[in-house]
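Let's take a walk through this model, starting from a single residue and working out to the contact between the chains. Keep the viewer open as you read.

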Amino acid sequence: MSAGVSTGHDPGTGHRRPAVGQYAGDRRRAWPYPRWSLGVAVAGAVSVPFLVPPYPLHQVTLVLVYVVALLGLDLVAGHGGLISLGHGAFFGVGAYAAAILLSSGVPYPVTLPVAGLVAYGLGHAFGRPAVRLSGVYLAVVTFAVAVAVPPLIRRLAPGGAMGLPVRTPAAPSLTGLADDQWVYLLVLAVAAAAFTLMRSVVRSSWGRALVALRGDAGAAEILGMRPAAIRAHAFACSALYAGLAGCLFTWTTGFVAAESFTVTLSITLLAGIVIGGLGTVSGAVIGAVVVTFLPAPGLVSGLALILVLAVAPSGVTGLARRAPAFLRKDRR
Amino acid sequence: MLEIGRLTVRYGGVTALDAVGLTAGPGEVVGLIGPNGAGKSTLFDCVTRRRAPDEGVIRFAGHDVLARPPHQVAGCGIARTFQHPAVFPGLSVRENVMTGAYRFAPAGFWRAAFARDGERRLRAHADRVLDLFGLLGLGDHPAAGLPYGVLKRVEIARAVAAEPTLLLLDEPAGGLGPEEAAALAGLIRDLHRATGMTVVVVEHHMEFVLGLCGRIVCLDLGHKIADGPAHVVRRDPAVIAACLGAR
């Protein structure tokens, strides 16, 4: 796809084309930076564990964990236009599923699909009835899930209110890597696979149907789309992503507790994807940085959020996509 | 082909359609006229299952349309446009037209994600349709914020991409200038000639209807007041009183 921010007049209509990134949820692919920048990003990501000391490495790993969660949330919120306040709960369920399996001696590669499937099942169970509700109602139902899960974990999960420490994946000795480097590379691989899958899903006929439903469900239905089925599946798939991310979180931190997965996490995830930029994969990456480094909710972070949204209503990604054209010529 | 019998829709105490019958043979182009509130769009809504009629039957190409859920109407080969163009603002013009062909597309989350080949075919199909409508240059443009006349064309292109055997057009020329309307009529005529689909057009623009339709049905306040060859119906005193006279 030829890149380029087009702001010119369209032949035949005399209509000014909105710049890429001007409004939220703009799905156009135009990435105004050269193709090799992607290669540089990949090379940089792989070399991080060999350049960065352990604690920052831990933080960068967490960023990748949240990337997976936000990719899933963006499917529902960015493309589907549905508000979910329950993704922190699905994240927590995935994290606990992985922790319980790890503490009972199951090898760590098994925990990833299991955590994903548990969250996927829960997503289906809540999504089927919930997506029949629109907008605000869905937000309230998912909010209820987010509120209900932490106390349930405290009551029922092993470790209870104390939390559950587990062993993190150990690097195979023949690689000669430290454990945290190994975990980083594992998380990177999962995040890259999740990223690639989501890109093709969003560009598929199914992904277009999801966006079409956001625009006009009645017209979409006449074209043969089943609104409830598509939205329910979108919701379940985004829960799957949240569950996978939760499992990666357990691998990274080696400790889970109900306090990590409260409604604050759900809201932070939603804020992250809005700040990063809805409907774009790079929005998930930027949002993940925000989620990881956002100071605890308070006056400063609240003001920072308001500032970002005032300056960049289409998120940081929208700002980045517009920047080159702005610097080049289009100072209108 | 399309057979509508005794279709009745009531909104509370108001009868929007009162035992209306309508047929359209294979390859026929039927104009559906009448003043505002005559029940034209309501009839379309019944055929596309947006509204359940109180009584009546709708059969198309051997299918009992009323027995199908709304998302299976496209599968019978029925496509429609709306009075106010219902394009999807989050998608580009090309993507909008691609959603028209949704019924041919690889369905489902996993299958769609890996169907590169199907996606390429769909894109080529959409580009052919865009080219017909002179919209190829706008393919990557977001459908949000385009002028009204262009949105109308995008929506018709989307319906045509579904390769319907029955195309229902709700005021396709509404809001278009005379030249645009004439061009659109020519385009629909060409498409009809090429595909042999049945077309039902709701339109106020009489020149547009007369230039396009061999047969005209006139509704007024939910009743059918005329049904016949275009040149006969346009001279019918009841029709003139109901809609033409009002102009």
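A:Gly121 counts as partly exposed, with 15 C-beta neighbours inside 10 Å. Bear in mind that you're looking at a predicted model. To find A:Gly121, go to helix α4 of chain A, which covers residues 108-130. If you want a ruler, draw a line from A:Gly121 to A:Ala192: the C-alpha atoms sit 23 Å apart in space, and the two residues are 71 apart in sequence.

Now zoom out to the whole of chain A. The chain has 13 helices and two strands. It runs to 332 residues, of which 49% count as buried. If you take the contacts in chain A with a separation of 6 or more, 77% of them come from residues 24 or more positions apart.

The UniProt record, an unreviewed entry, lists "transmembrane region" for residues 36-52, 58-77, 89-110, 130-153, 182-202, 233-257, 269-293 and 299-320 of chain A. You can check what the model does over a couple of those spans. Residues 36-52 of chain A are 94% helix and 0% strand, and the end C-alpha atoms of that span are 23 Å apart. For residues 233-257 of chain A, the split is 84% helix and 8% strand, with the end C-alpha atoms 29 Å apart.

Two helices of chain A make a nice pair to look at. Start with α9(A), residues 227-253: it has 27 residues, and from first C-alpha to last it reaches 39 Å, close to the 39 Å expected at 1.5 Å a residue. Is α9(A) mostly covered or in the open? Mostly covered: 24 of the 27 residues in α9(A) are buried. After α9(A) comes A:Gly254, which has a positive phi, near 70°.

Then there's α12(A), residues 299-311. Its 13 residues should span 18 Å at 1.5 Å a residue, and the end C-alpha atoms are indeed 18 Å apart, so the two agree. The burial count for α12(A) is zero out of 13 residues, so this helix lies largely in the open.

Over to chain B, and a couple of backbone oddities. B:Arg6 has a positive phi of about 45°, although it's not a glycine. You'll find B:Arg6 in strand β1 of chain B, residues 2-11. B:Arg6 counts as partly exposed because it has 13 C-beta neighbours inside 10 Å. B:Arg49 isn't a glycine either, yet has a positive phi of about 65°. B:Arg49 sits in the loop between α1 (40-47) and β4 (55-60) of chain B. With 21 other C-beta atoms within 10 Å, B:Arg49 is buried.

Stay in chain B and pick out α2(B), residues 93-100, and α4(B), residues 116-132. Their axes come within 9 Å and cross at roughly 110°. The two helices are therefore roughly perpendicular to each other. On the α2(B) side, B:Arg94, B:Val97 and B:Met98 do the touching, and they meet B:Leu122, B:Arg123, B:Ala126, B:Val129 and B:Leu130 of α4(B). Sorted by class, the residues of this contact are six nonpolar, no polar and two charged.

Finally, bring both chains into view. How many residues does each chain put into the contact? Chain B brings 41 residues and chain A brings 34. On the chain B side, α2, α3 (109-114) and α4 each supply at least two residues. Which of chain B's elements gives the most to that side? That's α2(B), with four residues. Overall, the side of chain B that touches chain A divides into 23 nonpolar, 12 polar and six charged residues.

For a close-up of helix packing across the chains, look at α7(A), residues 205-215, against α2(B). The two pack at an angle of about 100°, with their axes 10 Å apart. That makes α7(A) roughly perpendicular to α2(B). From α7(A), the contact uses A:Arg208, A:Ala209 and A:Ala212, and from α2(B) it uses B:Glu95, B:Met98 and B:Thr99. By class, this contact has three nonpolar, one polar and two charged residues. B:Met98 is worth a second look, since it appears in the contact with α4(B) and also in the contact with α7(A).

Terms used:
Residues are numbered from 1 along each chain as its sequence is written. Chains are lettered from A and ligands numbered from 1 in the order in which they are written. This is a predicted model: local features need pLDDT of at least 70, side-chain atom pairs count only at pLDDT 80 or more; totals for chains, interfaces and linings use all residues. Axes are lines fitted to C-alpha atoms, for helices over the stretch in contact, and angles run from 0 to 180 degrees between N-to-C directions. Angles under 35 degrees count as roughly parallel, over 145 as roughly antiparallel, 65 to 115 as roughly perpendicular and the rest as oblique. Two residues are in contact if their C-beta atoms, placed from the backbone, lie within 7 Å. Ala, Val, Leu, Ile, Met, Phe, Trp, Tyr, Cys and Pro count as nonpolar, Asp, Glu, Lys and Arg as charged, and the others, Gly among them, as polar. A residue is buried if 20 or more other C-beta atoms lie within 10 Å of its own, exposed if 12 or fewer, and partly exposed in between; C-beta atoms are placed from the backbone. The expected span of a helix is 1.5 Å times one less than its number of residues. UniProt positions are given in the numbering used here, feature names are shortened, and annotations may be inferred rather than shown by experiment.
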